[in-house]
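User: Please take a close look at one part of this model, the salt bridges, and set each of them in its structural surroundings. A connected account would serve me better than a list.

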Amino acid sequence: DYQRVLVAVDFSPVSAAALTFIRALAPTAELVLLHSFDVLFDGKLAYAGVADAVIQQYRVEARDRALQQLRQL
């Protein structure tokens, strides 16, 4: 029996189907969801001279949106 399963997700319908499949395959396993993302325009903002604090806030907001999507999934 699997104790822990790592599942890469992208918030698509396929991710939801993968979670359903994994839950059927390993019903007692702890699921660890992984979502990797790149903050859009991060490098361009820095190149344009946008303040580090503003860019950091932009990153935090992007992370928070991704975490909310993970919770919904």
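Analyst: A salt bridge is counted here when a side-chain nitrogen of Lys or Arg lies within 4 Å of a carboxyl oxygen of Asp or Glu. The model is predicted, and side-chain atom pairs count only at pLDDT 80 or more. By this rule the count comes to 3 salt bridges.

With that cut-off in place, Asp42 and Arg59 form a salt bridge, since their closest N and O atoms are 2.6 Å apart. Asp42 belongs to helix 2 (residues 42-47) and Arg59 to helix 3 (residues 52-72), so this pair ties together parts that are 17 residues apart in sequence. Arg59 counts as partly exposed because its relative accessibility is 35%, and the partly exposed class lies between the limits of 20% and 50%.

The residue that precedes this pair in the loop also deserves attention. Phe41 is located in the loop between strand 2 and helix 2. Its phi is positive, about 65°, although Phe41 is not a glycine. With a relative accessibility of 54%, Phe41 counts as exposed.

Further contacts involve helix 2, in which Leu45 lies. When neighbours within four places in sequence are left aside, Leu45 is in contact with Val50, Ile55 and Tyr58. For one of these, Ile55, the separation from Leu45 is 10 residues in sequence and 7.0 Å in space, C-alpha to C-alpha. Leu45 has a relative accessible area of 26% and is therefore partly exposed.

Ile55 leads on to helix 3, where the buried residues are Ile55, Ala62 and Ala66. These residues cover an arc of only 35° around the axis, which puts them on the same side of helix 3. Helix 2 is included in what covers the buried residues of helix 3. On the other side of helix 3, Ala53, Val54, Arg71 and Gln72 are exposed. As for its dimensions, helix 3 has 21 residues and reaches 30 Å from its first C-alpha to its last, close to the 30 Å expected at 1.5 Å a residue.

Another salt bridge joins the side chains of Arg63 and Asp64, with an N to O distance of 3.2 Å. Asp64 has a relative accessible area of 37% and is therefore partly exposed. Arg63 also counts as partly exposed because its relative accessibility is 41%.

The remaining pair is Glu30 and Arg4, which form a salt bridge with their closest N and O atoms 3.1 Å apart. This pair links distant parts of the chain, Glu30 being in strand 2 and Arg4 in strand 1, 26 residues apart. With a relative accessibility of 43%, Glu30 counts as partly exposed, whereas Arg4, at 58%, counts as exposed.

The two strands that carry this pair are themselves joined by 5 bridges and run parallel. The chain passes from strand 1 through helix 1 to strand 2, and this β-α-β crossover is right-handed. Within the pairing, Val32 in strand 2 is the bridge partner of Leu6.

Helix 1, the connecting element of the crossover, spans residues 13-25. It has 13 residues and reaches 18 Å from its first C-alpha to its last, close to the 18 Å expected at 1.5 Å a residue. Its residues Ser15, Leu19 and Ile22 are buried. They cover an arc of only 65° around the axis, which puts them on the same side of helix 1. Strand 1 (4-8) and strand 2 (30-34) are included in what covers these buried residues. On the other side of helix 1, Pro13, Val14, Thr20, Phe21 and Ala24 are exposed.

The loop leading into this helix holds a further positive phi. Phe11 lies in the loop between strand 1 and helix 1, and its phi is near 70°, a positive value in a residue other than glycine. Phe11 has a relative accessible area of 22% and is therefore partly exposed.

In summary, the Glu30 and Arg4 pair links strand 2 with strand 1, and the Asp42 and Arg59 pair ties helix 2 to helix 3. The Asp64 and Arg63 salt bridge completes the set.

Methods: Residues numbered from 1 in each chain as written. Heavy atoms only, no water. Helix = DSSP H or I, 4+ residues; strand = E, 2+ residues; numbered from the N terminus. Expected span 1.5 Å × (residues − 1). Buried < 20%, exposed > 50% of the residue type's maximum accessible area, 1.4 Å probe, protein only. Arc of directions from axis to C-beta. Contact = heavy atoms within 4.5 Å. Pairing = 2+ DSSP bridges. Right-handed = clockwise from strand over helix to strand, strands pointing away.
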